[in-house]
Amino acid sequence: MREPEDEEWEDNPGYGDDSVPTRHWMEEPRYKQLFNEIEDKISGVLGKGEFEWSDRRVFDSVFDQSTLLALHKLMEGGEIDTLDFPIARGKEAHVFHATSSTGPVAVKIFHTTNAVFKSLSKYIDGDPRFGGLKRRHREIVNVWVRKEVRNLRRCRRHGIPAPMPRANYKNVLVMDLIGSLNEPSPRLRDVTVPNVEKVFNELIKMISVMWQRATMVHSDFSEYNILWHEGEPWIIDVGQAVVEQHPSAREFLVRDVTRIVEWANRNGIKVDVAESLLRVIDDPAPELEPLPGLD
Ligand SMILES: Nc1ncnc2c1ncn2[C@@H]1O[C@H](COP(=O)(O)OP(=O)(O)OP(=O)(O)O)[C@@H](O)[C@H]1O
Ligand SMILES: [Mg+2]
């Protein structure tokens, strides 16, 4: 089946306008057929399975036309078999537990609403890998997904534990599920770690390896974006990470260190921002073994 181009989406009433219900396009035969092909596979998240959407508008903003097309494509390619249940629901993205032929995966679906385009732009403009072009709104979200993929790979290449990206298409990212079969690992925010000082040192080392070796800054490094998995911190949510050439890279680095120092202080050890920042910048960062899965 031919896929509509971006321009056709933009011709659709409701494109980019959150107030207009967009579902009517599903009455068109080509979409209806496409939806029928994947309906069973996404039934876990349609409100027929265990999960009920309390807000229909949120459902529509996640499973809009382009997203269903993207899911269809990823299912056709065998990257996703079934979309099972939501793991997390946020302003910018929903993350789902999904199953692929090789086991469980996490599927992050970015919303394509106007509010999201605005909040993403400042991390794209200024990053020489992606900036410099005036882009259409929807394209910004697609670039964002590619940016998250590249940042995940960049982390892994430098030995930072982060999920391996498996596939991406438009606003949908498929990656390794950090967790056990059916259960994602908790966020650092939700656990009491056995040895705060040890974990703090580990986190400072990660920021330092990212800065000195990978020349990047996570830019949203906090207890919300670190998963506690098998007794180790894992980094997620790297879409907004920028390379050192970004004009705000140093400002983001200070913010990241500040957040993690605050976490440590709240959890009973005394550390300060200036000294921790010096460790990140000045103490030589170790060269770590790359994580597998990179070509
Ligand atoms: N690979 C993964 N494995 C397991 N759980 C994950 C994975 N990726 C994300 N999650 C879960 O989904 C949540 C949201 O993911 P993420 O932080 O990447 O999105 P987000 O951009 O913060 O969304 P928003 O900011 O809009 O809330 C995480 O806090 C985590 O609990
Ligand atoms: Mg997050």
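**Exercise 1. Check the length of helix H6: what should its 21 residues span, and what do the end C-alpha atoms give?**

Step 1. Get the element straight: H6 covers residues 137-157, where helices are DSSP runs of H or I with at least four residues, strands are E runs of at least two, and both are numbered from the N terminus.
Step 2. Work out the expectation, which is 1.5 Å times one less than the number of residues. For the 21 residues of H6 that comes to 30 Å.
Step 3. Compare: the end C-alpha atoms sit 30 Å apart, so the two agree.
Step 4. Look just past the end of H6, where Gly 159 has a positive phi of about 80°.

A word on the ground rules. This is a predicted model, so local features need pLDDT of at least 70 and side-chain atom pairs count only at pLDDT 80 or more, while totals for chains, interfaces and linings use all residues. Residues are numbered from 1 along each chain as its sequence is written, and chains are lettered from A and ligands numbered from 1 in the order in which they are written.

**Exercise 2. Do likewise for helix H4, then list its buried residues.**

Step 1. H4 (residues 65-76) has twelve residues, with 16 Å expected at 1.5 Å a residue. From first C-alpha to last, H4 reaches 17 Å, close to that figure.
Step 2. Apply the burial rule: buried means 20 or more other C-beta atoms within 10 Å of the residue's own, exposed means 12 or fewer, and partly exposed is in between, with C-beta atoms placed from the backbone. In H4 the buried ones are Gln 65, Ser 66, Leu 69, Ala 70, Leu 71, His 72 and Leu 74.
Step 3. Keep the helix geometry in mind: with 3.6 residues a turn, residues three or four places apart point the same way.
Step 4. After H4 comes Gly 78, with a positive phi near 80°.

**Exercise 3. Trace the pairing around strand E2: which strands pair with E2, and over how many bridges?**

Step 1. Pairing takes at least two DSSP bridges between two strands. E1 (residues 82-89) runs antiparallel to E2 over six bridges, and a three-residue hairpin connects them.
Step 2. On the other pairing, E2 and E3 (residues 103-110) are antiparallel over eight bridges, with two residues in the hairpin between them.
Step 3. Use Thr 99 as a marker: Thr 99 is the bridge partner of Thr 82 and stands opposite Pro 104 in E3.
Step 4. Check the cover on E2 (residues 93-100): six of its eight residues are buried.

**Exercise 4. Lys 170 and Glu 230 both have positive phi; is each one buried or exposed?**

Step 1. Neither is a glycine, yet Lys 170 has a phi of about 50°, and Glu 230 is also at about 50°.
Step 2. Place them: Lys 170 lies in the loop between E4 (165-169) and E5, while Glu 230 lies in the loop between E7 (226-229) and E8 (232-235).
Step 3. Count neighbours. Lys 170 counts as buried because 23 C-beta atoms fall inside 10 Å, whereas Glu 230 has 10 and so counts as exposed.

**Exercise 5. Which residues come nearest to ligand 1?**

Step 1. A residue is near if its C-beta atom, placed from the backbone, lies within 6 Å of the molecule or strand. Of the 21 residues around ligand 1, the nearest are Ala 88, Gly 90, Glu 92, Pro 184 and Asp 237.
Step 2. Find the elements: E1, E2, E3 and E5 (172-176) each give two or more residues to this shell.
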